[in-house]
Amino acid sequence: MGRWICCLCSRAADPLMLLLVLALGCDPSTAAAAAASPSVPHVKPSYSFGRTFLGLDKCNACIGTSICKKFFKEEIRFDTWLSSHLKLPPSSLLSYSGNYTDDAKSWRLVDITRLTSKYQHDRADKRICTSLLRTRSCSLERALRRTQRFQKWLRAKRPTPDLVQGLSSPLLRCPSQRLLDRIVRRYAEVPDAGSIYMDHLTDRDKLRLLYTLAVNSHPILLQIFPDVEGWPFPRYLGSCGRLLVSASTRPLRDFFGAAPEVAADLALQLLAVLRSMATNDLNYFFYFTHVDAGTFGVFSNGHLFIRDASTLGVIDKEEGSQLIDGQQEHKDIFSCLTADCQSALVSCDSIRDQHSLVMVCQDLLPKLLSGKFLPAVQESIDAFLRRCARGLGDGGGAGEAMAELAGILKPLRSCDSRFAYRYPDCRYSDKY
C-alpha cells in the first residue's frame, strides 16, 4: 500500500503518467515506457471511388453530378461498406442497395441504379465511336456534340417535339410542348430556374439531358412528377456519372407469397396507381409498354409505388401528341443507344384506356392473388383475371373493370399496424 501511495505521489504532476500508473499496477518504469511510445491512431477504412465505377469518365454522356459529393464524403454507402471488407460491389450489376445520410447519424435505405446494364452502356459507347468517328474508342462528348440533333438542341431556346422525334423512350413517343416544358422547368440536375426556356442550361447540361432522355427516361419521370406532389414514384435524390440514387423499395416479386390480406392490399393499391395514372389533375395519361415483377415496389410502410418508370409512356390529354407517326420514324445515333435501331415505335393512336390494366392482369395479379383465398372468392378473382387478360371483351372500360375487382378485394384486407401507410387512419375512414 505504501509503495502504491509513493508511486502516485511521485508522478502526480504528470496526468498522463498518473493514468498509466493506475492502469499498469504502478510500475514506474513500465508506465514511463508506455508514455514514451507514440499512440497509433485508429484509421477509419474508406474507399476512394473510381471515376470508371461511377461513370464520371464518360461525362457528359451521363446523367449528372448532383450527388457526387455525397459519394466522396461517404454519406452514401453501399451495403457491402457495412461489412469488415470495405469494397465496392461489381460494376456489372444494374442496381445496388445502399445507405444515405444527411447528418452522419441517421441512415436510410436507397436504391443506386444504372440507366442500363454495363454491357449495354459499353455497346452503346462503342457504337457512338464507330458510327460517328469511325474509331474503336473516342471522346463520347466530342462525338455526340457533332451530331445534327445536338447542334439543334444548342440553338433551341426550348425543346420542341421535333427535337425529340425518333428517341426510343416511351416518354417521348407522343410528346406535347406542355410535357417538354415541364421537363426543362423541373430538371433537377441544374439549379432551379423555374423557366421553360433552356437559358439556364449550359451546353454540358443540354447534352446530359438529351443523353438521359435517349437512354432511359426513368430519372426524368421521377424529377418532373415528384412523390411530394402525390405521384406514385420513389423520391429522386440525385445522380453521379451514370448512377442515380432514389428512395428504396422492395420489388413486388418479394410479395408474391404474402399472406392473403397483404396480397389483397397490394392489389388494391396497384389498381389505385393505374387509376391515378389514367385520371389526374394534370390531364396526363400514363401507360406501360411493359410490366414485370420489378416494375412496382413497396416501401417499408407497405405503400406501393412505381419502382421502374423506364417503360412508362405519357399522352397529353390536353394538347395531344404534336408528332405525326411519320415524324416518329426519324432515327439517328440517339435513337439507338439502348434500343434496336430498326424497332418499330408504338403509334400514339393505338393506346387504349385498358392498355396497362390488361398487362397487369396478364403478368402480375395472377402471381399475387392466385391460391390465396376461400374457394368462392378465389373463383370470382380468377374469372375476372381471365377476362381481363383477354382484353376485357365487351364488359366496359378499364374504370369499370378496376371497380369490379376492387369490390371483390376490399373486404379481404385488414386494418392493423402491418399497413403503416394507412394505419390507424383505416380505423376511422372507409377510404382505407
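**Close-up views of helices, strands and disulfides**

**View 1. Helix H13 and helix H18 (residues 398–409) pack at an angle of about 160°, and their axes lie 10 Å apart.** The model shown here and in the views that follow is predicted. Two packed helices are described by the angle between their axes and by the distance between those axes. An angle over 145 degrees counts as roughly antiparallel, and H13 and H18 are therefore roughly antiparallel to each other. The crossing that H13 and H18 make is left-handed. On the H13 side, the contact is formed by Ala264, Ala267, Leu268, Leu271, Leu274 and Arg275, which meet Met402, Leu405, Ala406 and Leu409 in H18.

**View 2. Strands E6, E8 and E9 form an open sheet of three strands, in the order E6-E8-E9 and with antiparallel pairing.** Strand E6 (250–251) and strand E9 (304–306) stand at the edges of this sheet, each with a single partner strand, so one side of each is left without a neighbour in the sheet. The pairing of E6 with strand E8 (residues 296–298) consists of two bridges, and these strands run antiparallel. Within that pairing, Arg250 stands opposite Val298 in E8. Helix H13 (residues 260–278), already seen in the first view, packs on the sheet and touches both E8 and E9, and its direction makes about 40° with that of E9.

**View 3. Strand E5 is joined to strand E3 and to strand E4, running antiparallel to E3 and antiparallel to E4.** Strands of a sheet pair through backbone hydrogen bonds, in either a parallel or an antiparallel manner. Strand E3 (residues 108–114) is joined to E5 by five bridges, and on this side Thr113 stands opposite Leu244 in E5. The pairing of E4 with E5 has four bridges, and here Tyr236 stands opposite Ser246 in E5. E4 and E5 form a hairpin with two residues between the strands, in which Gly241 takes a positive phi near 65°. Five of the five residues of strand E5 (residues 243–247) are buried, so E5 is largely enclosed by the rest of the structure.

**View 4. Cys68 and Cys240 form a disulfide in which the sulfur atoms are 2.1 Å apart.** The torsion about the S-S bond of Cys68 and Cys240 is about 100°, so this disulfide is right-handed. Cys68 belongs to helix H5 (residues 68–72), whereas Cys240 belongs to strand E4 (residues 236–240), so the pair ties together parts that are 172 residues apart in sequence. Under 20% relative accessible area a residue is taken as buried; Cys68 counts as buried at 8% relative accessibility, and Cys240 is buried with a relative accessible area of 0%. Strand E4, in which Cys240 lies, is the strand that four bridges join to E5 in the preceding view.

**View 5. A disulfide joins Cys361 to Cys388, with an S to S distance of 2.0 Å.** About the S-S bond of Cys361 and Cys388 the torsion is about 85°, so the disulfide is right-handed. Because Cys361 lies in helix H15 (residues 355–363) and Cys388 in helix H17 (residues 375–389), the pair ties together parts that are 27 residues apart in sequence. Cys361 is buried, with a relative accessible area of 1%, and Cys388 counts as buried at 0% relative accessibility.

**View 6. Cys59 and Cys62 form a disulfide, with 2.1 Å between their sulfur atoms.** Here the torsion about the S-S bond of Cys59 and Cys62 is about 110°, so the disulfide is right-handed. Cys59 is partly exposed, with a relative accessible area of 21%, whereas Cys62 is buried, with a relative accessible area of 0%. When a pair of cysteine sulfur atoms within 2.5 Å is taken as a disulfide, the count comes to five disulfides, among them the pair of Cys59 and Cys62.

**View 7. The whole protein, as context for the close-ups, has secondary structure that comes to 18 helices and 10 strands.** Of the 432 residues in the protein, 49% are buried. Among the contacts in the protein with a separation of 6 or more, residues 24 or more positions apart account for 66%.

How values were computed
Residues are numbered from 1 along each chain as its sequence is written. This is a predicted model: local features need pLDDT of at least 70, side-chain atom pairs count only at pLDDT 80 or more; totals for chains, interfaces and linings use all residues. Side-chain values use heavy atoms; hydrogens and water are left out. Buried means under 20% relative accessible area, exposed over 50%, partly exposed in between (1.4 Å probe, protein chains only). Two strands pair if DSSP finds at least two bridges between them. Contact means heavy atoms within 4.5 Å. Axes are lines fitted to C-alpha atoms, for helices over the stretch in contact, and angles run from 0 to 180 degrees between N-to-C directions. Angles under 35 degrees count as roughly parallel, over 145 as roughly antiparallel, 65 to 115 as roughly perpendicular and the rest as oblique. A crossing is left-handed if the near helix is turned anticlockwise from the far one by less than a right angle, and right-handed if clockwise.
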